[in-house]
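Let's take a walk through this fold together, one stop at a time. Have the viewer open and follow along.

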Amino acid sequence: MDIALTEEEERFRSELQDWLKANLTPELKRGARLSPGVFAEPDVAVPFMAKLNEEGWLAYQWPEAHGGTGWSATKKYIFEKELALAGAPNSAVMGTKLVAPVLWTFGSDAQKDYYLPRILSGEDYWCQGFSEPGSGSDLASLSCRARRDGDKYVVDGSKIWTTHAQFSNRMFALVRTDNSGKKQAGISFLLIDLDTPGISVRPIHNIAGDHDVNQVFLENVEVPVENLVGEEGAGWAIAKFLLENERGGSCHAPKLGHALDVIERAAADMPDGAGGMLADDLAWRRRVARLRLRQESLEMIELKILANVAKGRDPGPQTSLTKLIASSLNQDIDLLAVDLYGPRALQLPVERPLYGEDVPEPIGSEDAQVAMARYLNSRAWSIFGGTNEVQSTIIAKTVLGM
């Protein structure tokens, strides 16, 4: 689907397409295509982010006052859609899309002046320290403790499922600064330098063999008081704001539409076992059509959210709706790819990266080689950023009044 664009927006789209042809190299596209994890590896994502930053486009969602483009909702939509259609790698969203809005909304002037430019330059690579063993969906029960000691906090505890902590030098974390009252009221938001003594990172390899997540241990870690964002006890409200951006601050639909396009093109050359091609099989076409309708419906919801944000409105509970739809749709599209490639999708190489020089020869095609790993990794979509069950509860309470 597409929307009616003004002449200026059409010129912008044309300029962007030309820029992508010149700057999105075959190596970067291949790296993005053959990365089965949720996020592209830094050796793929960071060089492309540097190119975007050089053009002034990395902070496309940021306000102009903080170094952003100040684009309209439509331009942001065009940007994300064209990058998806071109096969561009995903950016490292922890910095640009999660902690950056927190900083310019709740942070001190010193925090904004120091951290925002470093996010854009790539000097800081961020990870998120929210979940803990036993405190995932029930985030209010977290126990990682930050004790005030003069001009510093002393932090003890651990964080788990910490995506790309092995690459990061910064972590934004929820910590408990008070145990005396309501659980949510005793949580604060801290910025932590991962080079600080007392921090160790233990890798967690998932069922696909990828090392995306980690457990981070903090033992007597000293964090300057000026690294507190907002006031003590404001962490819960800040986290809700951040999670709204995580759930609905991006356009998932264009990426999912592109994934469907790739599958449909492959199906045109895939024998159906009965003398024809899979793309012509009626049952297959119905299945693809149902997914396409869901993808286009999601796109309309995301466009509405972008329009509301452009008018200064909070994204609100609609972000839970988009998160819920996008998670299930992503998983169903990845399952479709596995079914498309059949036995050739069952290969699950443990070598990483799969775009390197010494990767095993694929059985059939490179897309078939990553299909199963991508399917297994996408199981996490219905967990991170709030489980599908949590999103359903939010929708029931805030939208349906149940």
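One term before setting off: a residue is called buried when its relative accessible area is under 20%. By that cut-off Ile333, at 2% relative accessibility, counts as buried. Keep in mind throughout that this is a predicted model.

Ile333 makes a handy starting point. You'll find Ile333 in helix H10. Who does Ile333 touch, once its neighbours within four places in sequence are left aside? The contacts are Leu256, Ala259, Leu260, Ile263 and Leu291. The C-alpha of Gly257, which sits 76 residues away from Ile333 along the chain, is 9.5 Å from that of Ile333.

Now slide over to helix H11, residues 366-377. Its twelve residues reach 17 Å from the first C-alpha to the last, close to the 16 Å expected at 1.5 Å a residue. Buried along H11 are Ala368, Gln369, Val370, Ala371, Met372, Ala373, Leu376 and Asn377. And what covers them? The cover includes helix H2 (26-33) and helix H10 (318-341), the second of which is the home of Ile333. Pick out Val370 in H11: its relative accessible area is 0%, so it counts as buried. Setting aside residues up to four places away in sequence, Val370 touches Arg33, Leu34, Pro36 and Leu354. Thr74 is another matter: it lies 296 residues from Val370 along the chain, and their C-alpha atoms are separated by 33 Å.

Next comes helix H4, residues 73-86. Does the length of H4 agree or disagree with what its residue count predicts? At 1.5 Å a residue, its 14 residues should span 20 Å, and the end C-alpha atoms are indeed 20 Å apart, so the two agree. H4 is mostly covered, with eleven of its 14 residues buried. Among them are Tyr77, Ile78, Phe79 and Leu83, but also charged-looking names on the list such as Lys75, Lys76, Glu80, Lys81 and Glu82. Just after the helix comes Gly87, which has a positive phi, near 80 degrees.Phe79 of H4 brings us to the interior. The largest nonpolar core has 59 residues, and those with the most contacts inside it are Phe48, Phe79, Phe172, Phe189 and Leu191. Which helix gives the most to this core? That would be H5 (residues 93-106), with seven residues. Take Leu191 as an example: not counting residues up to four places away in sequence, Leu191 touches Val99, Leu103, Gln111, Tyr115, Trp126, Met171, Phe172, Val223, Asn227 and Val229. Apart from this core lies another, of 27 residues, and Ile333 is among them, along with Ala208, Ala267 and Ala326.

There are plenty of rings to look at as well. The count comes to 18 aromatic pairs. One of them joins Phe12 and Trp71 edge-to-face, at 4.9 Å centre to centre and with 65 degrees between the planes. This pair links distant parts of the chain, since Phe12 belongs to helix H1 (residues 7-23) while Trp71 is in the loop between helix H3 (42-55) and H4, 59 residues apart. Both Phe12 and Trp71 are buried. Trp19 and Trp57 make another edge-to-face pair, with 5.2 Å between centres and 65 degrees between planes. Here too distant parts of the chain are linked: Trp19 is in H1 and Trp57 in the loop between H3 and H4, 38 residues apart. Trp19 is buried, and Trp57 is as well. Zoom out a little and ring pairs link Phe12, Trp19, Phe48, Trp57, Tyr60, Trp71 and Phe79 into a cluster.

Two rings have a charge for company. Arg148 lies over the face of Tyr153, at 5.8 Å from the ring centre. Lys323 does likewise over the face of Phe384, at 5.3 Å from the ring centre.

Last stop: the cysteines. How many disulfides does the structure hold? The answer is zero. For Cys127, the nearest cysteine sulfur is that of Cys144, 12 Å away. Why is Cys144 in no bond with Cys127? Because their sulfurs are 12 Å apart, too far for a bond. Cys127 is buried, with a relative accessible area of 0%, and Cys144 is buried too, at 1%.

Key: Residues numbered from 1 in each chain as written. Predicted model: local features only at pLDDT ≥ 70, side-chain atom pairs only at ≥ 80, totals over all residues. Heavy atoms only, no water. Helix = DSSP H or I, 4+ residues; strand = E, 2+ residues; numbered from the N terminus. Expected span 1.5 Å × (residues − 1). Buried < 20%, exposed > 50% of the residue type's maximum accessible area, 1.4 Å probe, protein only. Core = buried A, V, L, I, M, F, W, Y, C linked by side-chain atoms within 4.5 Å. Contact = heavy atoms within 4.5 Å. Phe/Tyr/Trp six-rings, centres within 6.5 Å; stacked < 30°, edge-to-face > 60°. Lys NZ or Arg CZ within 6 Å of the ring centre and 35° of its normal. Disulfide = S-S within 2.5 Å.
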